[in-house]
Amino acid sequence: MLRTVKPRNARSKRAMAAREPKAIENPKTCLVLRGGSCSQIVQDALNDLYQMHQPHVKKFSKKNPIHPFEDATSLEFFSEKNDASMLLFGSSQKKRPHAMTFVRTFGYKVLDMLELHLDPVSFRAMAQFKNKKFSIGQRPMLLFAGTAFESPVANEYTLAKSVLTDFFKGEPADKIDVEGLQYIVSFTTEEDNSGVVTDVKPAIHMRVYLIRTKRSGQKLPRVEVDEIGPRMDFRVGRMREPDEAMRKEAMKTPRGLEERPKKNITTDTMGDKIGRVHIGKQDLGTMQTRKMKGLKRSRLDDQDQEVGVEDVAEEEKAKRSKQ
């Protein structure tokens, strides 16, 4: 644990204020580091993910003998020291080769962890694709394809979708310029249609494509994609689910950001707003209508009305005389 330090000058005071909780948080900073033993394949994968996460990323070059699932004290220390809410830890052991662990923290304490094992055969680094790359700081479009990501029960794949979305989402933006959408990151899982239940979990395939628009002779351009790397295939490993109390605290929405519900206004399934207006009882007989010839009252209608009134009066007189 770090000792509490009081600011000595205005500069340190501003630095401490920047770390305090805010209604709208800053973009998440990721810290990339490696363990005591780390293969060259994992190091290349960490370098590519480091480039994709810039500029909100820091990287350690030295080895760190850390075992995240056994003791995460060092990771929490690095998280607080570098003001990083996400950590990417790479290691390689005989029992768990080519492992990459994604760690999320809340209040500089470990919230959840997910371990992914990289396939060394299908891995291709970004430098192996000789084509144009995306600009630094651009937000990618994310695609998750596969029923495993949409499971109603929380599992490794739903956690992977949440962690990877946090890793690649970048800065929050109210409006997005179409010109800034330069590349897409796709995550797919294989579908098992054979009907045979096996213990082998489907792999997660990560592909990165550059978007190119060309003339099509129409209003909308023709869109083509080119793979630019990196190409990674992951096998799901160990996971650590968040504590229920800490998860509720992390998911809490600050006051002032919640939109107050408006009375008599609802939204349908298509996203259209529907409003309901309450008015008093109206007398349609006094309503002003269009002056059409067919809507005018004729003399025959007046005579029929007078005859009807006289008939009712005679019937009442006959009833009284019988009594």
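Where in the chain is the place of Pro55? Pro55 sits in the loop between helix H2 (40-52) and S2, and the peptide bond leading into it from Gln54 is cis, with omega near 10 degrees. The model is a predicted one, in which local features need pLDDT of at least 70 and side-chain atom pairs count only at pLDDT 80 or more, while totals for chains, interfaces and linings use all residues. Residues are numbered from 1 along each chain as its sequence is written, and side-chain values use heavy atoms, leaving out hydrogens and water.

Zooming out, the chain has 6 helices and 12 strands. Both kinds of element are DSSP runs numbered from the N terminus, with helices (H or I) needing at least four residues and strands (E) at least two. Of the 323 residues, 29% are buried; that word means under 20% relative accessible area, with exposed meaning over 50% and partly exposed in between (1.4 Å probe, protein chains only). Take the contacts between residues at least 6 apart in sequence: 66% of them join residues at least 24 apart, where a contact means heavy atoms within 4.5 Å. About 23500 Å² of the chain is exposed, and carbon and sulfur atoms supply 52% of that area, as worked out by the Shrake-Rupley method with a 1.4 Å probe; for residues, only the protein chains shown count as cover.

Strand S8 (residues 204-214) is a handy place to look at pairing, which requires DSSP to find at least two bridges between two strands. S8 runs antiparallel to strand S7 (residues 183-189), joined by 7 bridges, and Ser186 has Arg207 in S8 as its bridge partner. S8 also pairs in the antiparallel sense with strand S9 (residues 222-227) over 6 bridges, and here Tyr209 stands opposite Glu227 in S9. Another 3 bridges join S8 to strand S10 (residues 232-240), again antiparallel, with Phe234 in S10 as the bridge partner of Ile204. A second cis peptide bond turns up between Gly229 and Pro230, with omega about 5 degrees, and Pro230 lies in the loop between S9 and S10.

Now for the rings. There are 9 aromatic pairs, counted when rings of Phe, Tyr and Trp (its six-membered ring) have centres within 6.5 Å; planes under 30 degrees apart are stacked, over 60 edge-to-face and the rest tilted. Phe60 and Phe78 make an edge-to-face pair, because their ring centres are 5.3 Å apart and their planes meet at 85 degrees. This pair links distant parts of the chain, with Phe60 in strand S2 (residues 57-63) and Phe78 in helix H3 (residues 73-82), 18 residues apart. Phe60 is partly exposed at 23% relative accessibility, whereas Phe78, at 17%, is buried. Phe149 and Tyr157 are also edge-to-face, since their centres are 6.4 Å apart and their planes at 80 degrees; both are buried. They belong to one aromatic cluster with Phe102, Phe144, Phe167, Phe168 and Phe187.

Two residues have backbone angles worth a look. Most residues other than glycine have a negative phi, and most peptide bonds are trans. Asp83, in the loop between H3 and strand S3 (86-91), has a positive phi near 55 degrees and is partly exposed at 32%. Tyr108 lies in the loop between strand S4 (99-106) and strand S5 (109-118); its phi is near 60 degrees, also positive, and it is partly exposed, with a relative accessible area of 22%.
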